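Trainee: Before we start, how should I read charged contacts and strand pairing in a model like this one?

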Amino acid sequence: MTTAATVGGSMIFAGRQTKAADSEMRFDFTRAFGGWETVTGQWAIEDVAGASSGKALVQRATNNAFNVIIAPGGPFADVNVSVRFKPISGIKDAAGGIVFRFSEGRYYVIRANALEDNFNLYYYDSSRRKILETRVKAPALGQWHKLRINAEGDRLRGWLNEQQLIDHRDDRFKSGRVGLWTKADSITAFDDLVVSPIDHG
């Protein structure tokens, strides 16, 4: 079952956004809300085994270089973001990632790929450029995994399945919105997106 509507080039998904007192935003996919922006891809809500509510956000386009959707809220300078992802299928790629500091088409992304033994940090500005690669055991296809990023100033840190693998400094992008990412023919599900702005005041 899928639920999605297109409004002015953006997709409005079944889901829910709740805000805690500390401005933490948690997203699930059980009730309608607006504010999501599709950059590229075919994103919709589907029933997915193992999703917290039984439903997850799935990207199914297979003919784009990259697929990106931007969540409501932001922009954020310093932020923690976590999400569960399930690589469902892919021959060239079976990847999932978190986009952060997205602004005017430029962004950072951390991503894991079920077909590759690496966990990478990139920036995108008209084309993708690798910043850092770490070696890992490829996350299993058809299983849920967890991604997390922490961006504070120029320090960018990334975790895969609760293991910190990236700790790097880069200051080219200062602030922007948060989103989700896949590559090429990856069909990937996402669940339990949590965005936590960091308040230094």
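Mentor: We will go through salt bridges, then one strand pair. Keep in mind that the model is predicted.

Trainee: What is the general idea behind a salt bridge?

Mentor: Side chains of opposite charge can pair when their charged atoms come close. In this case, a search of the whole structure turns up 17 salt bridges.

Trainee: Which residue does Asp-78 meet in a salt bridge?

Mentor: Arg-101 is the partner, at 3.4 Å from N to O. Now place the two residues. Asp-78 sits in the loop between strand 7 (66–70) and strand 8 (79–89), and Arg-101 sits in strand 9 (residues 95–103). The two are 23 residues apart in sequence, so the pair ties together separate parts of the chain.

Trainee: Is Asp-78 buried or exposed?

Mentor: Buried, because its relative accessible area is 15%, and the cut-off for buried is under 20%. Arg-101 is buried as well, at 2% relative accessibility.

Trainee: What distance separates N and O in the salt bridge of Arg-111 and Glu-116?

Mentor: There it is 2.7 Å. Check each partner separately. Arg-111 counts as buried, at 3% relative accessibility. Glu-116 counts as partly exposed, at 25%.

Trainee: With which residue does Asp-154 form a salt bridge?

Mentor: With Arg-169; the closest N and O atoms are 2.7 Å apart. This pair links distant parts of the chain, 15 residues apart. Asp-154 is in the loop between strand 13 (145–152) and strand 14 (155–160), while Arg-169 belongs to strand 15 (residues 163–169).

Trainee: Is Arg-169 buried or exposed?

Mentor: Exposed, with a relative accessible area of 54%. Its partner Asp-154 is partly exposed, at 29%.

Trainee: Which residues do salt bridges with shared partners join into one network?

Mentor: Arg-84, Asp-191 and Asp-192. When reading such a case, follow the shared partners.

Trainee: Now the strands. How many residues of strand 5 are buried?

Mentor: Four of the five, across residues 43–47. Strand 5 is therefore largely enclosed by the rest of the structure.

Trainee: In what sense do strand 5 and strand 6 pair?

Mentor: Antiparallel, over five bridges. Strand 6 covers residues 55–59. To read the register, pick one residue and find its partner. For Ile-45, the bridge partner in strand 6 is Leu-57.

Trainee: So I take each contact in turn: partners, place in the chain, then burial.

Mentor: Yes. Try that order on Asp-78 and Arg-101: a salt bridge, with Asp-78 in a loop and Arg-101 in strand 9, Asp-78 buried and Arg-101 buried.

Methods: Residues numbered from 1 in each chain as written. Predicted model: local features only at pLDDT ≥ 70, side-chain atom pairs only at ≥ 80, totals over all residues. Heavy atoms only, no water. Salt bridge = Lys/Arg side-chain N within 4 Å of Asp/Glu carboxyl O. Buried < 20%, exposed > 50% of the residue type's maximum accessible area, 1.4 Å probe, protein only. Pairing = 2+ DSSP bridges.
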